[in-house]
Amino acid sequence: MKQIEKILSQIKNNPKDVNFNDLVKVCNHYFGEPRQKGTSHCVYKTPWFGDPRVNIQSKDGKAKVYQVKQVLAAIEKLEETEND
């Protein structure tokens, strides 16, 4: 858990330079195993319909910035729904 918190903190501080494997670890922690993997994309199931979606892909070992922002928004929404 500490490792995930550390990675998440780094991602929040610098969403433009995120290692794809680190983002996968965070997504697996919050959303479980991806429902699609093995292709260039990892698609995660969320408990809501629509946005923010969690669909990430690697580009030269890095995560795409807009997808990192979607993941951060999804984590925020997930934490809000858990606190309600």
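Which residues of H3 are buried? Keep that in mind as you open this predicted model and follow the stops below.

**Stop 1: helix H3**

Begin by selecting residues 65-83, which make up helix H3. This helix has 19 residues, and from its first C-alpha to its last it reaches 27 Å, close to the 27 Å expected at 1.5 Å a residue. Now colour Gln67, Val68, Val71, Leu72, Ala74, Ile75 and Leu78: these are the buried residues of H3. Turn the view until you look down the axis of H3; the buried residues fall within an arc of 160 degrees, so they line one face of the helix. A general point helps here: an α-helix has 3.6 residues a turn, so residues three or four places apart point the same way.

What do the buried residues of H3 pack against? Show helix H1 (2-13) and helix H2 (20-31), then strand E2 (54-59) and strand E3 (62-63); the buried residues of H3 pack against these elements.

**Stop 2: an aromatic cluster**

Next, select Tyr30, Phe31 and Tyr44, which form one aromatic cluster. The count comes to 2 aromatic pairs. In one of them, the rings of Tyr30 and Phe31 have their centres 6.5 Å apart and their planes at 50 degrees, so this pair is tilted. The rings of Phe31 and Tyr44 also have centres 6.5 Å apart and planes at 50 degrees, so they too make a tilted pair. Zoom out a little to see where these two residues sit: Phe31 belongs to helix H2 and Tyr44 to strand E1 (residues 41-44), so the pair ties together parts that are 13 residues apart in sequence.

Are the members of the cluster buried or exposed? Tyr30 is partly exposed, at 21% relative accessible area. Phe31 counts as buried at 11%, and Tyr44 counts as buried at 3%.

**Stop 3: Asn28, facing Tyr44**

Keep Tyr44 on screen and add Asn28, which you will find in helix H2. Asn28 is partly exposed, with a relative accessibility of 25%. Leaving aside neighbours within four places in sequence, Asn28 is in contact with Glu33, Pro34 and Tyr44. Try drawing a distance between the C-alpha atoms of Asn28 and Tyr44: they are separated by 8.3 Å, while the two residues are 16 apart along the chain.

**Stop 4: two cysteines**

Now select Cys27 and Cys42. How many disulfides does a search of the whole structure find? The search finds 0. The sulfur of Cys27 has its closest cysteine sulfur in Cys42, 8.1 Å away, which is too far for a bond. Cys27 is buried, with a relative accessible area of 0%, and Cys42 counts as buried at 11%.

**Stop 5: salt bridges**

Side chains of opposite charge can pair when their charged atoms come close. In this structure, the search finds 2 salt bridges.

Start with Lys62 and Asp17, whose side chains meet in a salt bridge at 3.0 Å, N to O. Lys62 lies in strand E3 and Asp17 in the loop between H1 and H2, so the pair ties together parts that are 45 residues apart in sequence. Lys62 counts as partly exposed at 35% relative accessibility, and Asp17 counts as partly exposed at 46%.

Then move to Arg53 and Asp51. These two form a salt bridge in which the closest N and O atoms are 2.5 Å apart. Arg53 is partly exposed at 48% relative accessibility, whereas Asp51 counts as exposed at 52%.

**Stop 6: backbone details**

Stay with Asp51 and select Pro52 as well. A cis peptide bond joins Asp51 and Pro52, with omega about -5 degrees. Pro52 is found in the loop between E1 and E2.

For the last selection, go to Asp60, in the loop between E2 and E3. What is the phi of Asp60 near? Its value is near 55 degrees, which is positive in a residue other than glycine. Asp60 is exposed, with a relative accessible area of 75%. As background to this stop, most residues other than glycine have a negative phi, and most peptide bonds are trans.

Notes. Residues are numbered from 1 along each chain as its sequence is written. This is a predicted model: local features need pLDDT of at least 70, side-chain atom pairs count only at pLDDT 80 or more; totals for chains, interfaces and linings use all residues. Side-chain values use heavy atoms; hydrogens and water are left out. Helices (H or I, at least four residues) and strands (E, at least two) are DSSP runs, numbered from the N terminus. The expected span of a helix is 1.5 Å times one less than its number of residues. Buried means under 20% relative accessible area, exposed over 50%, partly exposed in between (1.4 Å probe, protein chains only). The arc is that of the directions from the helix axis to the C-beta atoms. Contact means heavy atoms within 4.5 Å. Rings of Phe, Tyr and Trp (its six-membered ring) pair if their centres lie within 6.5 Å; planes under 30 degrees apart count as stacked, over 60 as edge-to-face and the rest as tilted. A disulfide is a pair of cysteine sulfur atoms within 2.5 Å. A salt bridge is a side-chain nitrogen of Lys or Arg within 4 Å of a carboxyl oxygen of Asp or Glu.
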